[in-house]
Amino acid sequence: MQISSVNFILGAASIKQVPKDGIPHIAFLGRSNAGKSSLLNALFQKNIVKTSKTPGKTREINFFLVNNSFYLVDLPGVGYAKVSERMRDDMAQRIKNYVEKAHDLKGIVYLIDIRHGGHQIDFETINGIKKAGVPILIIASKADKLNNSELTVAKKQFPIAVSSKTKKGLPDLWKEINSLLEVHNA
Ligand SMILES: Nc1nc2c(ncn2[C@@H]2O[C@H](COP(=O)(O)OP(=O)(O)OP(=O)(O)O)[C@@H](O)[C@H]2O)c(=O)[nH]1
Ligand SMILES: [Mg+2]
């Protein structure tokens, strides 16, 4: 993918603020600290998305307009334990509303940290997305954390494994993002 421009458009605190301009979105989801925001920076080839060592960094639904033609959307992490229960429920509800109600959401890229594999909260969230009828692509993140033999085993479970650090897997991921966008443009 040739990136000619990336612009941060807005951080939506609720579904009401989600753009209704007919431009398609692809959103990035996964447990807190899975590497969603870092992956977006790696895809954009610039540091425009806020990341953190501490889980729970992303709180809003952040829209980045790419090449003036589609949005890649950074979502808060699911199941983050260290915020209050109220805030966790609020964030979960915000994500759920977005996934179920955003008309222009064409697909979700779901990150699972390759070292930790899927947890209950991942399976529940993935099922919810499937129920909502939104196409989902499950990928493994932080592939640089495994050695080659571990990676061979992991690749059986996750055909796409990416690293924001080494840029591994990014061309494959761009291809998948393109096909999610194209299917719906057809
Ligand atoms: N080694 C390695 N570290 C990574 C990679 N991607 C992210 N990280 C690190 O993982 C931590 C979390 O990264 P973020 O991108 O902020 O994670 P997030 O999923 O957006 O987290 P929340 O916004 O809290 O949900 C940071 O310390 C990153 O530097 C990767 O590909 N390889
Ligand atoms: Mg984040």
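**Notebook: helix α3, its surroundings and the magnesium site**

I began just after helix α3, where Gly133 has a positive phi near 80°. The model is predicted, so I kept to its rules: local features need pLDDT of at least 70, side-chain atom pairs count only at pLDDT 80 or more, and totals for chains, interfaces and linings use all residues. Residues are numbered from 1 along each chain as its sequence is written, chains are lettered from A and ligands numbered from 1 in the order in which they are written, and side-chain values use heavy atoms, without hydrogens and water.

**Helix α3.** I took helices (H or I, at least four residues) and strands (E, at least two) as DSSP runs, numbered from the N terminus. I then looked up which residues of α3 are buried, that is, under 20% relative accessible area, with exposed over 50% and partly exposed in between (1.4 Å probe, protein chains only). They are Asp122, Thr125, Ile126 and Ile129. Seen down the helix axis, these buried residues fall within an arc of 100°, taken from the directions from the axis to the C-beta atoms; they therefore line one face of α3. On the other side, Gln120 and Lys131 are exposed. I found β2, α2, β5 and β6 (136–141) among the elements that cover the buried residues, where contact means heavy atoms within 4.5 Å.

**Salt bridges.** I counted a salt bridge when a side-chain nitrogen of Lys or Arg lies within 4 Å of a carboxyl oxygen of Asp or Glu. The count comes to four. Asp122 of α3 pairs with Arg31, their closest N and O atoms being 3.4 Å apart. This pair links distant parts of the chain, since Arg31 lies in the loop between β2 and α1, 91 residues from Asp122. Asp122 is buried at 1% relative accessible area, whereas Arg31 is partly exposed at 22%. I also noted that Asp113, Arg115 and Lys142 are linked in a network of salt bridges.

**Magnesium site.** I looked up the donors of the magnesium ion (ligand 2), which are N, O and S atoms within 2.8 Å of the metal (3.2 Å for Na, K and Ca); water is not among the atoms, so the site may look incomplete. The protein donors are Ser37 (OG) and Thr58 (OG1), 2.0 to 2.2 Å from the ion. Ser37 belongs to helix α1 (residues 36–44), and Thr58 to the loop between α1 and β3 (61–66), 21 residues apart. Both count as buried: Ser37 at 8% relative accessibility and Thr58 at 11%.
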